[in-house]
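Here are some friendly notes to read alongside the model. I have kept them as numbered points, beginning with confidence.

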Amino acid sequence: MLDRKFLLAALVLIAAVFLCGCTSDGGNDTATATTAAPTDTGSAATPEFLKIATTTSLDNTGLLADLKDRFEEDHDVTLQIIAAGTGKALEYGERGDVDVLMVHDRAREDVFLDNGYGINRRVFAYNYFMIVGPESDPAGIAGMTPEDAFVTLIEQAQTNPDVVVVSRGDNSGTHAKEKAIWTSAGYDYDTEVAGSGEWYVEGGQGMGATLQMANELQAYTVSDSGTYLAYKGDIDLVPLVDEGDVLLNIYGAMMINPEQFSYVNSEMAKEWINFLITPEIQQVIADFGVEEYGQPLFFPALGNYEILGVTPEEAESPIP
Amino acid sequence: MNEIIDGFLTAIHLIVTFDPEVYEVAFRSIYITFSATVIASVISIPIALFLAFRTFPGKRTIINLVHTLYALPTVLIGLVVFLMLSRQGPFGFLGLLFTPGAMIIGQVILVIPIIIGLTYSALVAMDPVIKDTIISLGANYFQFMASILKEIRFVVYATVAMAFGRAISEVGAAIMIGGNIRGYTRVLTTSIALETSMGNIEFSMALGIILLFIALIVNFVMTSIRREAD
């Protein structure tokens, strides 16, 4: 009697599992398919997955989800998007755990390419970083240059407890940019800024979460303009500093070098990157979010290579 | 306060209207954790029997170790499994990183100590008379083990339910090993973490309520089995 009841419970659970296998078309079947993928890539069969490690801003804004749907419409592939900071994405790339990187830290990208881990970088979008903070602006940085704003923030924070800065603190592209601004403002980041007091909060999370945290603390933080606009409705922070060459934020996509990691899905990786720089998709990027947020979250790289300081090839030439 | 009430109402709406994304994530969670719990049970229960009825040098140490591993930090599991399954790791050739299979492996490791430890405790606490009776009835090795297990089956059910609860509510390892890929390795807990950071509080609440609901069902099944026994 008892055991029968247990058996019944077990059956119900098993049924639930099977049901899940069918409805979530990505359970059972895909798991086996992925394991088989590395051997398939060599043959003529179309690879089914493309693993993309991306900076959180492209994902948090919803841009990638939009592009993913468009790409999957006419390609026989499932994009698997792993949103991590640029630092972590580069780490995944160096370990050969993904096929494509979409990141925004030119300096570290250059090192990555020089070391032979990645090839065929193309820039596909850009926007600007901004320093956002509470509307009351207790440190009074509105309208300053980024460097002056940072000097003011760190000086004010010593005496005014209302001046708090939240940092990504996660080696992401945004964090790298913040460090670069500290350096050009004349501070040694590791000794004078990081861990230097309660005013400097290292959140260790993605861009969206960091904006939310800064909002809760009524603190200052550095954000890319895209994520800020996407979150603007939920938070009270306002952009205080948004002009300065140092604030340019360039998004690049690159393939993992198949000579380093033979199993990567380089065919589809190439297709994806070339897809990103087509005039059609560049227009999609330019229009993304305009309806919802009143202004674009990202600008297309097409035709703007001079602003970006890259070669026209890097912005416009498809990978052969 | 409004946010919490609104979130709760929207959550109920998402649940009763069978929002496909909410249910997909929920079923994936159940699928992964159910698989992990079954696999871990099959591995752990024989080990618990072995530990309980055999004496060998170092046994005390092993049992202490098992008890210590109850508190195994899930992020540590996440890190170790990541390093093992990464392409640069010893099992990288399997291509398992960022798949549901990898998440199952992580959860198996998480709950094995719990199942071994609690089953072992039940076996040790068992009345020795029962043991002697079974042996005196002339049971062979497997019959003996089967009878013993039958004696403590309610403890085993409860243990397995507890392991299930621990695994399904875990987030640290799931995000590191699975990568939180939408439609593939995104489960209830990783989804709640992400959606909250994206400001989708209602969606997070709906997922949280479902998570709680699953725990409730598991608990209900277990108590009704035990009530039947009394």
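1. Within chain A, mean pLDDT (the predictor's confidence in each residue, from 0 to 100) is lowest among the elements for helix H2 (residues 28–40), at 39, and highest for strand S3 (residues 100–103), at 97. Helices (H or I, at least four residues) and strands (E, at least two) are DSSP runs, numbered from the N terminus. Residues 13–44 of chain A have pLDDT below 50, yet beyond near neighbours in sequence this stretch makes 35 contacts in the model (heavy atoms within 4.5 Å). Where pLDDT is low, the predicted coordinates should not be read in detail. For chain A as a whole, the mean pLDDT is 86, and 85% of residues reach 70 or more.

2. A word on conventions: this is a predicted model, in which local features need pLDDT of at least 70 and side-chain atom pairs count only at pLDDT 80 or more, while totals for chains, interfaces and linings use all residues. Residues are numbered from 1 along each chain as its sequence is written, chains are lettered from A and ligands numbered from 1 in the order in which they are written, and side-chain values use heavy atoms, with hydrogens and water left out.

3. The largest nonpolar core (buried Ala, Val, Leu, Ile, Met, Phe, Trp, Tyr and Cys residues joined through side-chain atoms within 4.5 Å) has 61 residues, and Tyr92(A), Val98(A), Leu101(A) and Phe98(B) touch the most other members. Helix H5 (residues 100–125) of chain B gives the largest share, 12 residues. Apart from this core lies another of 47 residues, Met268(A) and Ile281(A) among them.

4. Do look at Val98(A): not counting residues up to four places away in sequence, its partners include Ile82(A), Tyr92(A), Ile256(A) and Phe98(B).

5. H8(A) has 12 residues and reaches 17 Å from first C-alpha to last, close to the 16 Å expected at 1.5 Å a residue (1.5 Å times one less than the number of residues). Its buried residues (under 20% relative accessible area; exposed is over 50%, partly exposed in between; 1.4 Å probe, protein chains only) include His175(A), Ile181(A) and Trp182(A).

6. Just after H8(A), Gly186(A) takes a positive phi of about 100 degrees; this glycine is exposed, at 58% relative accessible area.

7. Two asparagines deserve a glance. Most residues other than glycine have a negative phi. Asn171(A) has a positive phi of about 60 degrees and is partly exposed at 40%, whereas Asn180(B), with a positive phi of about 55 degrees, is buried at 8%.
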